[in-house]
Amino acid sequence: MNRSVALVVMTILALTLAATAGSISGRVSGVTGESVVYVDTIAGKTFPAPTEHPVIDQKGLMFQPHINVVLVGTTVDFLNSDKVAHNVFWPSVMQGSKKLPGKNLGTWPTGEKRPFKFDQPGVAALLCNVHPEMAGYIVVSPTPYYATTDKSGSYKIENVPDGQYNVVAWHEGAKTSTKPVTVAGDTKADLTVSK
Ligand SMILES: [Cu+2]
């Protein structure tokens, strides 16, 4: 390889690294426990749906995990691992203050699963009409840039390209909070949500 070719290759590598190395990290305050943080819809950008199906299990009379985040377009497999029949339904999908229709997937026995494709961003509160105490959540993120916080509210979203975004924090039972964030490399963004 001659010197000018090597220089071009190195420049391309450096630019590629610079374009993919950004992140958003910080803390969600105002609530305790796990929250979800995601980059809101980016005008003119869509993302291919993942081919993998995350599994939400109904086990021990609970939705496991209790809180799930998926990219819009993802198909979720709902599994029943209990000895009793369970149902899965959500009364609506909340898109900000907009209420989109919900869905009832029916009731099915041990060991079976039913798929559902979440093709609209928003939040679905999962319920089981056999066991009223069961509750879970699916946050359908419009972008692949999302994370769940740890118990103290800290989060980090990796591989965010530089740019200007609206970052949203969601927490069970609280109002969602949105904040404009300019990402340039590793960027900090703290958010506050309130009940
Ligand atoms: Cu149930």
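**Figure 1. An aromatic cluster in the predicted model.** Phe78, Trp90, Phe116 and Phe118 together form one aromatic cluster. The structure shown is a predicted model. In total, the structure holds seven aromatic pairs.

**Figure 2. The surroundings of Thr74 in strand S6.** Thr74 belongs to strand S6, which covers residues 74–80. With a relative accessibility of 2%, Thr74 counts as buried, because buried residues are those under 20%. Two members of the aromatic cluster, Phe116 and Phe118, are among the residues that Thr74 touches beyond four places in sequence. The other residues touched in this way are Ala49, Pro50, Glu52, Pro54 and Lys117. A polar atom of the Thr74 side chain lies 2.5 Å from the backbone oxygen of Leu71. Thr74 and Thr51 are 23 residues apart along the chain, and their C-alpha atoms are separated by 7.5 Å.

**Figure 3. The copper ion and its four protein donors.** The copper ion has as its protein donors His86 (ND1), Cys128 (SG), His131 (ND1) and Met134 (SD). These donors lie 2.0 to 2.7 Å from the ion. Why is the arrangement of the four donor atoms tetrahedral? The angles that the donor atoms subtend around the copper ion are 94 to 131°, and the arrangement is tetrahedral because all of them fall between 85 and 135 degrees. Along the chain, the donors follow the spacing H-x41-C-x2-H-x2-M. Cys128 and His131 are both buried.

**Figure 4. His86 at the start of strand S7.** His86, a donor of the copper ion, is found in strand S7, which comprises residues 86–95. Its relative accessible area is 0%, so His86 is buried. The side chains of His86 and His131 make a polar contact at 3.1 Å. Apart from neighbours within four places in sequence, His86 is in contact with Cys128, His131 and Met134, as well as with Gln58, Leu61, Asn80, Gly106, Thr107, Trp108 and Val130. The C-alpha atoms of His86 and Lys59 are separated by 9.6 Å, with the two residues 27 places apart along the chain.

**Figure 5. Gln58 and the copper donors that it touches.** Gln58 has its place in strand S3, formed by residues 55–59. Is this residue buried or exposed? Gln58 is buried, since its relative accessible area is 1%. Beyond four places in sequence, the residues that Gln58 touches include the copper donors His86, Cys128 and Met134. Gln58 also touches Phe63, Leu79, Asn80, Ser81, Asp82, Asn87, Val88 and Trp108.

**Figure 6. Strand S11 and its two partners.** Strand S11 (residues 135–141) is mostly covered, with six of its seven residues buried. Strand S5 (residues 67–71) runs parallel to S11 and is joined to it by five bridges. In this pairing, Val70 stands opposite Val140. Strand S10 (residues 122–127) runs antiparallel to S11, and six bridges join the two. Here Leu126 stands opposite Gly136.

**Figure 7. Thr143 in the loop after strand S11.** The loop between S11 and strand S12 (146–148) contains Thr143. Thr143 is buried, as its relative accessible area is 0%. A polar atom of its side chain lies 2.6 Å from the backbone oxygen of Val39. Setting aside neighbours within four places in sequence, Thr143 is in contact with Val39, Asp40, Thr41, Ile42, Phe47 and Leu71.

How values were computed. Residues are numbered from 1 along each chain as its sequence is written. This is a predicted model: local features need pLDDT of at least 70, side-chain atom pairs count only at pLDDT 80 or more; totals for chains, interfaces and linings use all residues. Side-chain values use heavy atoms; hydrogens and water are left out. Helices (H or I, at least four residues) and strands (E, at least two) are DSSP runs, numbered from the N terminus. Buried means under 20% relative accessible area, exposed over 50%, partly exposed in between (1.4 Å probe, protein chains only). Contact means heavy atoms within 4.5 Å. A polar contact is a pair of N or O atoms within 3.5 Å; within protein, one must be able to donate a hydrogen and the other to accept it, and residues adjacent in sequence count only if both atoms are side-chain atoms. Two strands pair if DSSP finds at least two bridges between them. Donors are N, O and S atoms within 2.8 Å of the metal (3.2 Å for Na, K and Ca); water is not among the atoms, so sites may look incomplete. Four donors count as tetrahedral if all angles lie between 85 and 135 degrees; four count as square planar and six as octahedral if opposite donors are over 155 degrees apart and all others between 65 and 115; anything else is irregular. Rings of Phe, Tyr and Trp (its six-membered ring) pair if their centres lie within 6.5 Å; planes under 30 degrees apart count as stacked, over 60 as edge-to-face and the rest as tilted.
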